[in-house]
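Colleague: I have the sequence and the model open. Can we walk through a few spots?

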Amino acid sequence: MKRRAFLSLLGAGGAACLLGQSAQAAGPKEFPGYPGSFGVLFDATRCIGCRRCEAGCNQVNGLPAPPEPFDDLSVLDKQRRTNAKTYTIVNRYDHIPGAAGPVFRKNQCQHCLEPACASSCFVRAFTKTPQGAVTWDGSVCVGCRYCMIACPFDIPTFEYWEVTTPRIMKCTMCWPQITAGKLTVPGCVGACPVEALVYGKRADLLRIARGRFAAFPGRYLDHIYGEHEMGGTNWLYISGVPFKDIGLREDLGTASAPQYTSGALAVVPIIATAWPALLVGVYAIHRRMDKVAHEEKVQAVTQAVAKAQEEAAAKLAKAKADAEADKKAAIEREVKKALEEAAKAQTEEDK
Amino acid sequence: MERGRPLLRWAGILLVFAAVSLMGNEVRGDAGPVKTPEPGRSDRLTIDTLAAFQKLELPPVTFFHDKHTDALLKEKKGCETCHLVEDNQLSLTFLRKKGTKPAEIKDIYHKGCIGCHMETAAAGKASGPPDGLCRSCHDAEPKVASARLPAGLEKVLHYRHVDSKSIPAKAPAKDNCAACHHEYDQKAKKIYYAKGQESNCGYCHLAKPQAGVKSLEQAAHQQCVLCHLDLANKGVKEPVPVRCDDCHGAKAQAQTAKNNRAVAAKLKDPNVLRINRGQPNATMITYDPKFEDKPVKPLLMNPVPFDHQSHEKYSDSCKVCHHASLEACGKCHTLGGSKDGKGVTFEQAMHSKTSKHSCIGCHNLQQAAPNCAGCHRSIVTARKPDDASCRACHTAVPGITGKDVLSPAQKASMAETLLKKRTPTLTTYPVEDIPEKVVIKDLMDQYKPVEMNHRQQHVQALMKGLKDSKLAQYFHGDPGTVCQGCHHNSPPSKNPPRCANCHPQAHGQALTAVEATRPGLLAAQHGQCMNCHQVMAVKPEATACTECHKERKK
């Protein structure tokens, strides 16, 4: 293969890869969420930190009883996180500048509009349901726990103690129970005695939140956490103190997790299909070149051998003929000599 | 070596694994107990003088002024150790005169601070960081927070200065106002005293220094601290604060407040606390045509009688209302808005709900007091006020409308007559009409009904908390007003509707947009009780379920 042909093939392959990427870039970057999807609005100015939501969640999801009962509020002295036996927890945040007393915040899966866990899962064990919840399907999960690393809120957890059938555990927004008609609102929402949690359509929740901002000027920060964070979430928060002071990350930006990876991942199919074909082609051409060269070489060698053999045979024949002639001449010479001697002797005898 | 290679590879893999799990632990681990911040110091200064001239190479220096003053005092050394005397006055800067070049400042600080630290250490005494430990002073993350509270001269403290024999009046003046108050002559570039022109320091001395005018901080330290130092050196009997903590510390401020109260309590005539600048005792708030630069449509609202003298009592300084100068409100806040008033119209200046200087804004702020907040916290402030609340201030005066232009004397006499007619009394329904006990049992499930001591612990307790508030007495005009703290959003009445009439019984339903603005019954009742108990700091706490309703065994 000529160098030029190889380079042009390489160039074509590269262009094909780039084409794949630009096609992705032209696609819709922002996903505003499924219309009519449900979510929950948490109001930190209302939460009293009674842990009823934890109890409600535990009950409707049939989770194991915690070591400390739900009416033991001393657990709030420590910052806690969700685990494989607890889908939701409430934390207390003390000494917040500008706050009259402690502020409480419930934590659970935020049910992102474009979940990082789902985008990291290579077996599609996570589903973002059009109704809002992010659910997990154990039948396909391979237990890689990429979702746990991917989630910016540290939500999916793993049953490490289950030897053969560990599950990824996280809040489901009670979607299985709600679709089955067992519940009308998530367990935590139903258990809240002060409506610090409101379940409803995400669009309505945003309106309700803004309504509270307008009704009580100065009571809330003019921001709904989760409206845009990480591309938006179905769980929303409003608060009178900065969100970072109640344990919510403010460094996440407004781009969803898939937006960071979709560009690179979009190239994978084109590389997976184009590159093998390209490389196999290059290899085949190379192989053919080798084969042809080999055949030509063999032919040339054969011809040379045959020629040499012919030449050798001719030489031999000539030598043979020469020897024969020499022999004949010698015989004739000897015969002649003998005849001459005989004649001489005859003459002498005659004499 | 050939045998060693796989071993080496495994070691590498294990190392990476260990590093990843350690990192993971750190990222995902328990955050541990909530940290309580270290107590701050009121004398924490940040020295970043060079920041005005160049980009700082190192973080600014965190400096504790009182620590140094106290240490020097032990050595019988005074302020002059660090502050030069220039024109017979102690300079407020460190070891340098006016007009020192920026390039020299760095040297002055380094030689001055480190030199003294080294000398002190060489003498075998406790001392600050020596040479070479740059970050000990240039600390990017100071461990000690600043607990500096703004210091101020409220009314009684002002009176204590006026009354002090240690600050004598200079003859022929009868008072000592000239000791602090001054005006600035732009042409002569000199300060002078003008009788009757005294006003709040903050009107001229703003937060940041202006061309030729010191910032409030600079002015206050020069004026107050230097005078206090003089007095302290003279050995006067009054307490003269000179250390940072004496004015800016929480403890010292509490002590000052206590002393102020004691002084105020002893006064025979509380009117001596008034700061006399020719203000009326009462006036009618209405527009003044002399301030209006363009023809205006006369107001249709009735003018408002305003008790200026009483409002002086409620405020620490004139600045609470007269925020930029002691002029009448209408001078800057014209009917159409003016440049001086930053476009804020007369109407907005009186009614803004968000400004702390406006009538309504300040009245709303008063509602945050525990006695008021219990009810007022739940009242939507954003809604349109009802006519009765407008009429509470815009009193009808027979024969006078908003169109009429009144002279100052007319205003004063009219206001005084109108104010005299007001007899604020706090009323509610007769005792026998107030239910003694209310049993709340609409949602009985996990818990037994709540038996609430309605009359004594709620209605009468609220009334008791309001008995000293003239504001509440005046604006709670209807006997049913106090009931509306709980029985809200319906006209005041002896028989208010039940909670469940408006709040949906069903709990835990997905809410429609209309319902969502109105909580369900459970949240409505809990919200009403808990919010009030929380902001009024009345037990039981929001999470003490069984103190309100006993558990119900099913």
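Colleague: In which loop does B:Pro172 lie?

Modeller: Keep in mind that this is a predicted model. B:Pro172 is joined to B:Ala171 by a cis peptide bond, with omega at about 5°. Its place in chain B is the loop between helix 5 (155-163) and strand 5 (183-185).

Colleague: What is omega for the peptide bond from B:Lys539 to B:Pro540?

Modeller: B:Pro540 sits in the loop between helix 20 (521-535) and helix 21 (545-548) of chain B. The bond leading into B:Pro540 from B:Lys539 is cis. Its omega is near 0°.

Colleague: How many helices and strands does chain B have, and is the chain compact or spread out?

Modeller: Chain B holds 21 helices and 10 strands. For 554 residues the globule rule gives 24 Å, and the radius of gyration is well over that, at 32 Å. So chain B is more spread out than a compact globule. Its C-alpha atoms fill a box, along the principal axes, of roughly 100 × 85 × 50 Å.

Colleague: What share of the residues of chain B count as buried?

Modeller: The accessible surface of chain B is about 37,300 Å². Carbon and sulfur atoms account for 58% of that surface. Of the 554 residues, the share that counts as buried is 25%.

Colleague: How far apart are the mean positions of the positive and negative charges of chain B?

Modeller: Chain B carries 77 positive and 56 negative charges. Take the mean position of each set. The two means are apart by 1 Å.

Colleague: Is B:Ser42 buried or exposed, and which side chain does its own side chain meet in a polar contact?

Modeller: B:Ser42 is in the loop between helix 1 (4-28) and strand 1 (44-47) of chain B. Its relative accessibility is 8%, under the 20% cut-off, so it counts as buried. Residues it touches include B:Ala147, B:Arg148, B:Cys244 and B:His248. The polar contact, at 2.4 Å, is with the side chain of B:Asp245.

Colleague: Which backbone oxygen lies 2.8 Å from a polar atom of the side chain of B:Arg277?

Modeller: B:Arg277 belongs to the loop between helix 8 (250-266) and strand 7 (283-285) of chain B. At 28% relative accessible area, it is partly exposed. Among the residues it touches are B:Gln197, B:Glu198, B:Ser199 and B:Leu326. The backbone oxygen in question is that of B:Gly196.

Colleague: How far is B:Arg277 from B:Lys195 in space?

Modeller: In sequence the two are 82 residues apart. Taken C-alpha to C-alpha, B:Arg277 and B:Lys195 are apart in space by 9.8 Å.

Colleague: Over to chain A. What covers the buried residues of helix 2?

Modeller: Helix 2 of chain A spans residues 52-60. Its buried residues include A:Cys53, A:Gly56 and A:Cys57. Just after the helix, A:Gly62 takes a positive phi of about 60°. The cover includes strand 2 (89-93), strand 3 (103-107), helix 6 (187-191) and strand 8 (197-201) of chain A.

Colleague: What is the relative accessibility of A:Glu195?

Modeller: A:Glu195 lies in the loop between helix 6 and strand 8 of chain A. Its phi is near 55°, a positive value in a residue other than glycine. A:Glu195 counts as buried, with a relative accessibility of 7%.

Colleague: And what is phi of A:Arg145?

Modeller: A:Arg145 is in the loop between strand 5 (134-136) and helix 4 (146-150) of chain A. It is partly exposed, at 31% relative accessible area. Its phi is positive, though the residue is not glycine, and is near 65°.

How values were computed. Residues are numbered from 1 along each chain as its sequence is written. Chains are lettered from A and ligands numbered from 1 in the order in which they are written. This is a predicted model: local features need pLDDT of at least 70, side-chain atom pairs count only at pLDDT 80 or more; totals for chains, interfaces and linings use all residues. Side-chain values use heavy atoms; hydrogens and water are left out. Helices (H or I, at least four residues) and strands (E, at least two) are DSSP runs, numbered from the N terminus. The radius of gyration is taken over C-alpha atoms; the globule rule is 2.2 Å times the number of residues to the power 0.38. Buried means under 20% relative accessible area, exposed over 50%, partly exposed in between (1.4 Å probe, protein chains only). Accessible areas come from the Shrake-Rupley method with a 1.4 Å probe; for residues, only the protein chains shown count as cover. Lys and Arg count as positive and Asp and Glu as negative; His and the chain ends are not counted. The place of a charge is taken as NZ of Lys, CZ of Arg, CG of Asp or CD of Glu. Contact means heavy atoms within 4.5 Å. A polar contact is a pair of N or O atoms within 3.5 Å; within protein, one must be able to donate a hydrogen and the other to accept it, and residues adjacent in sequence count only if both atoms are side-chain atoms. Lists of a residue's contacts leave out its neighbours within four places in sequence.
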